[in-house]
Amino acid sequence: MPIEQQQSPRVSLPGANQDGPLSDLRVVDFGWAWAGATAGQILADFGAEVIKIESRTRLDPMRQGRPIIGTEPDPEQNPICHNVNRNKFSFGVNLKAPGGPDLIRDLVAHSDVVIENMTPGALARLGLTYEDLKVRCPELIMVSLPAFWSEGPMSEVKAYAPSITGVSGYDSMVGYEGEEPLGFQQGLADPNVGLHAAFAVLAALRHRKRTGRGQFIQTSQARAMLPLLGEAVAEHVMTGRTPAPAGNRRTGFAPHGNYQTLGEDRWISIAVRSEREWEGLCAALERPDLLTDRRFADGFARSQNLEALDAEVGAWTGQREADEAVATLQGNGVAAAPCLNTAERFHNEHLMSREAYVPVEHPVLGAEFIYGSPWKTSKGQPSVWKRVPLLGEDTDAILRDILGLEETEIASMRDAGVVE
Amino acid sequence: MAEVSGDGPLSGLVVADFSRIVAGPYCTMLLGDLGADVIKVEKPFVGDPARRSGPFPADEAHLERSGLFLYLNTNKRSVSIDVLEPSGADLLARLCGSADVLVCSLHPTESDAGGLDDEFLRAHNPELTIARVTPYGMTGPNRDWLGYEANTAAFGGICGYLGASGRPLLFPPLAIGDYEAGLNVAIPILVADLADISGQSIDVSETDCWATVQNGMGVIEYIFGGRVFTRMGRGVKSGPYPNTILRCKDGHMRLVAMQRSEWQRFVAVMGDPEWASDPRFKDRVVMNEKHSDEVDALIEDWMKDKTKDEIFDLCRIGGVPFAPIYTIAEVMSQPEFASWFVEVDHPELPGMRQVGFPYELSEAPPSVRSGAPRLGEHTTSVFAELGIEISPELRAHEIC
């Protein structure tokens, strides 16, 4: 039933967030790897009690990898896991063991939301579909975010995450002008669908608050890429053209690119759209002659002479340090920014002031920094309020406090390998 | 105010929106598609700059036919006000008096110059949620920096991952950073509504989006390993072969095979060519580091007379996790993706096919209730609902 109308107040887990806007919410998080985990992370960041279901018998990819300390694989040492699974609780349940799915059904009966991005069909085999779970939790909100789609031929496609930006059409546009696609070389579909899924869950929660009714939300990593491609789709529909790699060009801007500066592999981005910005650029470059150069007389002319334009800009940036060049350009009203690598981002004064990376203490890795959140609110709580859980760290508390099991029952479940 | 909401989950939520181009409009599109009543405020005569960006049918520019604008602005009403003029700002504040949320993408320096701070905007409605999306945020040393989407991608750290070694870093195409920023600002808006937070101010920085949730994880690897990732071109040369994009008859395929068994199944799909048992290729990590160019050529030779769909089918049957690099045209023609697109009747372009909704909801689904509005189409009616006459003087001064 809606959170406000519950007859008996829920028992929170030890360490739960009592002050966040979503602190009354409990989420069962089957999120696998990055995509599903992000959806849970967003809700957890606002204080929801997000319980990650995991097991040593089938380790999440983000519990694997080379250890940082020592040589033995250690599920507690994957630093990526520490980012997307912060603020969460860990329930070690072997879903393949007899009794495992029952525990989940019991937990969901005390929960509001379920998140999953499993291979299509997996939850059906476990008896944990929306229809199954609704029996004990009629107002359940459940979101499914598999790689491609949940039914039909695409539900059977097995492919790694980088394939999703390819199947969705985005990769076909990533590359140098007129050349072959290079594809997006970093995860994009994952956080993108996680954010869309969290947004849809919040909308469904609003609906539930007003009507008492939950619902099932279906999306996929490939489908959630499509909104980002709206402009390219419009281009194809309206002109018949099929967008292809265009390097750093963007219609309406000249110049628009990344220009190398002094230093090793250092680049700055410059984007000029208006005439005023163009005048500012010429002032920054101390090149009044460019203002009267017919090749660059207006936006259209500049767009026809981009190579020559890039050469002029590149000649200037090539003789300067990145930060100095950016300061000069910004001082003259030109949009410019350094291309920061990971180390530079971590040490950047502006990002530090925005708390882009926040320190947490981890029992195994010690002091570490994980990413914060991109929203600051006037009436809000810190986004990072708890480190990533150890695998199964909260199993006992969940069984005891939420499911009301006795110590002896818990012990026998451990012995049987149902829980960890 | 009379609500023009749908039946979606956000029915009854009233959103005043004077954001422009992509980031803010994508946020309000997400809200409007799920039933919120979105009142879009545009500058008189020129409107949202997205009306000028195109693409346009047959490449002929027209204020009511810009593909980007039409796509992003379904389900919204348009009110034309020049908010940077004092009397326009007053109208905006009065509009906010009847709204739950205000979405704003003015650059911080523009808000400063126009006096559009939170206090002013809440003059008629202290409970208003104000959501701002800007390149660097409303605070911090770079607050006043100019920044287009390319710059925020650069500063946010994604460009270093894109492109080929030794060549310029690439921006992600299509200004996707703006979309992610819009999505990120929509989330705390709904949280504030759900938790009945009165007078919440939300500040989303597009650079923060890249630096944190989109691409923040590399930082922890850097701290522990000192490793700074950089672009590698189409093939990732570390880890087991393959992890690359190769050419086939009609385009390209993405080949990634983490497990040995997957690679072995692909070798079987190729008909067990002799070269696959070359002892140099036994260790796939070594194969990747030392022989990837050679093996790429061998595979491309096998693929050169086969289309994407043929190879995709063979791989699916053979249990190989490779997938095509579809073009936009191909994505739009896949029967399985048909429901991911919608046709919308815009005032000037009825029946335009465009990207639909990113999700399906079983009880209260998203819907298209109206096409994108004409510029200022609803100025009179919206202010009539508020009991405000738009004086001829305001119109004469192009405030409204």
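**Exercise 1. Salt bridges, overall and one by one**

How many salt bridges does the rule count over all chains? Then examine the pair E76(A) and R63(A) and place both residues in the chain.

*Solution.* Keep in mind that this is a predicted model.

- Step 1: Apply the rule to every chain; the count comes to 53 salt bridges.
- Step 2: Take E76(A), whose salt bridge partner is R63(A), and find the closest N and O atoms, which are 2.9 Å apart. The cut-off is 4 Å, so a pair at this distance counts.
- Step 3: Locate the two ends. E76(A) sits in the loop between β2 (49-54) and α2 (79-84) of chain A, R63(A) is also in the loop between β2 and α2 of chain A, and 13 residues separate them.

**Exercise 2. The interface of chain A and chain B**

Describe the contact between chain A and chain B by its residues, its buried area and its polar pairs.

*Solution.* We go from the whole to the parts.

- Step 1: Count residues: chain A supplies 139 and chain B supplies 142.
- Step 2: Add the area. About 12200 Å² is buried between the two chains, and carbon and sulfur atoms give 66% of this.
- Step 3: Look for charged pairs. Eleven salt bridges cross the interface; one joins R354(A) to D203(B), with N to O at 2.8 Å.
- Step 4: Widen the search to polar contacts, and 53 residue pairs turn up between chain A and chain B, both residues at pLDDT 80 or more.
- Step 5: Ask which element of chain A gives the most to the side that touches chain B. That is helix α7 (residues 189-211) of chain A, with 14 residues.
- Step 6: Sort the chain A side by class: 72 residues are nonpolar, 45 polar and 22 charged.

**Exercise 3. Strands that pair across chains**

Which strand of chain B pairs with strand β6 (residues 215-218) of chain A, and in what sense?

*Solution.*

- Step 1: The partner is strand β12 (residues 360-361) of chain B, and the two are antiparallel over two bridges.
- Step 2: For a residue-level check, Q218(A) faces E360(B) in β12(B).

**Exercise 4. A sheet in each chain**

Work out the strand order, edges, twist and packing helices of the sheet β7-β8-β9 in chain A, then do the same for the sheet β7-β8-β9 in chain B.

*Solution.* Start with chain A.

- Step 1: The sheet is open, with three strands in the order β7-β8-β9 and antiparallel pairing. Its edges are β7 (256-260) and β9 (335-338) of chain A, and the twist averages 20° from one strand to the next.
- Step 2: Between β7(A) and strand β8 (residues 267-271) of chain A there are five bridges; here Y259(A) is opposite I268(A).
- Step 3: Add the helices. Helix α13 (residues 306-317) of chain A lies across β7 and β8 of chain A at about 35° to β7(A). From the other chain, helix α7 (residues 149-156) of chain B touches β7, β8 and β9 of chain A, making about 15° with the direction of β9(A).

Now chain B.

- Step 4: Again there are three strands in an open sheet, ordered β7-β8-β9 with antiparallel pairing. The edge strands are β7 (243-248) and β9 (323-325) of chain B, and the twist averages 35° between successive strands.
- Step 5: Strand β8 (residues 251-256) of chain B joins β9(B) through three bridges, with R254(B) opposite A323(B).
- Step 6: Helix α12 (residues 284-303) of chain B packs on this sheet, touching β7 and β8 of chain B at about 40° to the direction of β7(B).

Conventions
Residues are numbered from 1 along each chain as its sequence is written. Chains are lettered from A and ligands numbered from 1 in the order in which they are written. This is a predicted model: local features need pLDDT of at least 70, side-chain atom pairs count only at pLDDT 80 or more; totals for chains, interfaces and linings use all residues. Side-chain values use heavy atoms; hydrogens and water are left out. Contact means heavy atoms within 4.5 Å. Buried area is the accessible area (1.4 Å probe) that two parts lose on being put together, summed over both. A salt bridge is a side-chain nitrogen of Lys or Arg within 4 Å of a carboxyl oxygen of Asp or Glu. A polar contact is a pair of N or O atoms within 3.5 Å; within protein, one must be able to donate a hydrogen and the other to accept it, and residues adjacent in sequence count only if both atoms are side-chain atoms. Helices (H or I, at least four residues) and strands (E, at least two) are DSSP runs, numbered from the N terminus. Ala, Val, Leu, Ile, Met, Phe, Trp, Tyr, Cys and Pro count as nonpolar, Asp, Glu, Lys and Arg as charged, and the others, Gly among them, as polar. Two strands pair if DSSP finds at least two bridges between them. Axes are lines fitted to C-alpha atoms, for helices over the stretch in contact, and angles run from 0 to 180 degrees between N-to-C directions.
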